[in-house]
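Morning, everyone. I have one structure to go through today, and I will keep to what can be computed from it. Please have the sequence and the coordinates open.

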Amino acid sequence: MDARRTVEAVWRMESPRLIASLTRLVRDVGTAEEIAQDAFVLALEQWPRDGVPDNPGAWLTATAKHKAIDRIRRERSQQSKYTQIAVDPSAQQPSAMPAPDAVEGVEDDLLALVFVACHPVLPRESRVALTLRLVGGLRTDEIARAFLVPSATMGQRISRAKRTLSEAKVPFEVPSREELPARLSAVLEVVYLVFNEGYAATSGEDWIRRDLAAEAMRLARVLAGLLPREPEVHGLVALTELQASRFAARLGPGGEPILLQDQDRSRWEAARTLEDAAATAPTRRERNLLMARAAAASARTES
């Protein structure tokens, strides 16, 4: 893999955690994304010339944090924030930085970023776009293509969303235990909307948008890893995997749709994920319901 493709791959994997970590420092998601992109541009310039670092994710993290310090130095009105970052022991040279997964609190930061991107102050379409941008790591043109709108239009939508969050002073934090159920529903709705557009595209020539469906499934798995004791999250993972397992059976050789009763059901496999959801369900009734669904899914694959 050449250096440019490596940079792009690392960005897709590491940008959510990087932006989340920077947002915790600068307290503005738009500014955090700008700083992260500056580090990305520097990697595009340096890695092809100097070689890819041994730990590229850590290199991006350290470079971005140094850029954050430089930015705050230039903005004297934010002197208190500079002091906070300056004493942060994680602000070291790139070669000495730990991997992003080893940075204390990074998973909490990522979870907070998910909730910020899906905040109720934003309209639904903006939540979807911003989530794909910040948490999914997709470029603006990729998101625009996914929803069949001009790249400029999608760029404006994302910019407005970030401005709205800034003006509303939305806190960068995971909701409290009392607020979590309502806020989590909004997050799961966004992920499901992305998956649903991939499962049954509302426009365009293709019946199925596998790229969108795959991105939604990835986001759902990230949530399941961050909130392992939330049965609704595991239920969403199970639902998306069960439906995605039908993709190959839904279309014929020429791309024509195949009716449900004519589909090959041998690939409908999501019983294990449903069992995971059942294991975290808080009540016996919910556990029994999910286990029944798992058994039904297994039975359909055998019929």
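I will start with the whole chain, then go to some helices, and finish with single residues.

One caveat to begin with: this is a predicted model.

The overall fold first. The protein chain has 14 helices and zero strands. The pattern along the sequence is therefore nothing but α, from beginning to end. The chain has 303 residues, and 47% of them count as buried. The accessible surface is about 15600 Å², and carbon and sulfur atoms supply 50% of that. As for contacts, take those in the chain with a sequence separation of 6 or more: 64% of them join residues 24 or more positions apart.

Next, the core. Which residues touch the most other members of the largest nonpolar core? They are L22, L60, L113, L130, F195 and L223, in a core of 73 residues. Take L223 as an example. Leaving out residues up to four places away in sequence, L223 touches L111, V114, V187, L188, V191 and V233. Please keep L188, V191 and V233 in mind, since these contacts of L223 come back in the helix pair I turn to now.

That pair is α9, residues 180–199, and α11, residues 231–244. Their axes come within 11 Å of each other and cross at roughly 5 degrees. Angles under 35 degrees count as roughly parallel, so α9 is roughly parallel to α11. On the α9 side the contact is made by L184, L188, V191, Y192, F195 and Y199. On the α11 side it is made by E232, V233, L236, L239, T240, Q243 and A244. Sorted by class, the contact has ten nonpolar, two polar and one charged residues. F195, listed in that contact, is also one of the core residues that touch the most other members.

Staying in this region, A224 sits in helix α10, residues 210–226. Is A224 buried or exposed? Its relative accessibility is 12%, and the cut-off for buried is under 20%, so A224 counts as buried. Apart from neighbours within four places in sequence, A224 is in contact with V233, H234 and V237. The C-alpha atoms of A224 and G235 are separated by 9.4 Å, with the two positions eleven residues apart along the chain counted as their separation. V233 thus appears among the contacts of A224, among those of L223, and in the α9 and α11 contact.

Now helix α6, residues 124–134. Why describe α6 as largely enclosed by the rest of the structure? Because nine of its eleven residues are buried. The buried ones are S126, R127, V128, A129, L130, T131, L132, R133 and L134. Note that the list includes R127 and R133. L130 is again one of the core residues with the most contacts to other members. T131, also in α6, has a relative accessibility of 3% and counts as buried. Setting aside residues up to four places away in sequence, T131 touches A117, C118, G136, V190 and L219.

Just before that helix, in the loop between α5 and α6, we find V121. V121 is at 34% relative accessibility and counts as partly exposed. Beyond residues up to four places away in sequence, V121 touches T164, L165, A168 and V170. With L165 the C-alpha distance is 7.4 Å, at a sequence separation of 44 residues.

A brief stop at W59, in helix α3, residues 56–74. W59 counts as buried, at 12% relative accessibility. From W59 to A43 it is 16 residues in sequence and 8.7 Å in space, C-alpha to C-alpha.

Last, the backbone. Most residues other than glycine have a negative phi. Which residues go against that here? R27 is one, with a positive phi of about 60 degrees. R27 is in the loop between α1 and α2, and is partly exposed at a relative accessible area of 48%. L148 is another, with a positive phi of about 55 degrees. L148 is in the loop between α7 and α8, and is partly exposed too, with a relative accessible area of 49%.

That is what I have for today.

Technical notes. Residues are numbered from 1 along each chain as its sequence is written. This is a predicted model: local features need pLDDT of at least 70, side-chain atom pairs count only at pLDDT 80 or more; totals for chains, interfaces and linings use all residues. Side-chain values use heavy atoms; hydrogens and water are left out. Helices (H or I, at least four residues) and strands (E, at least two) are DSSP runs, numbered from the N terminus. Buried means under 20% relative accessible area, exposed over 50%, partly exposed in between (1.4 Å probe, protein chains only). Contact means heavy atoms within 4.5 Å. Accessible areas come from the Shrake-Rupley method with a 1.4 Å probe; for residues, only the protein chains shown count as cover. Axes are lines fitted to C-alpha atoms, for helices over the stretch in contact, and angles run from 0 to 180 degrees between N-to-C directions. Angles under 35 degrees count as roughly parallel, over 145 as roughly antiparallel, 65 to 115 as roughly perpendicular and the rest as oblique. Ala, Val, Leu, Ile, Met, Phe, Trp, Tyr, Cys and Pro count as nonpolar, Asp, Glu, Lys and Arg as charged, and the others, Gly among them, as polar. A nonpolar core is a set of buried Ala, Val, Leu, Ile, Met, Phe, Trp, Tyr and Cys residues joined through side-chain atoms within 4.5 Å.
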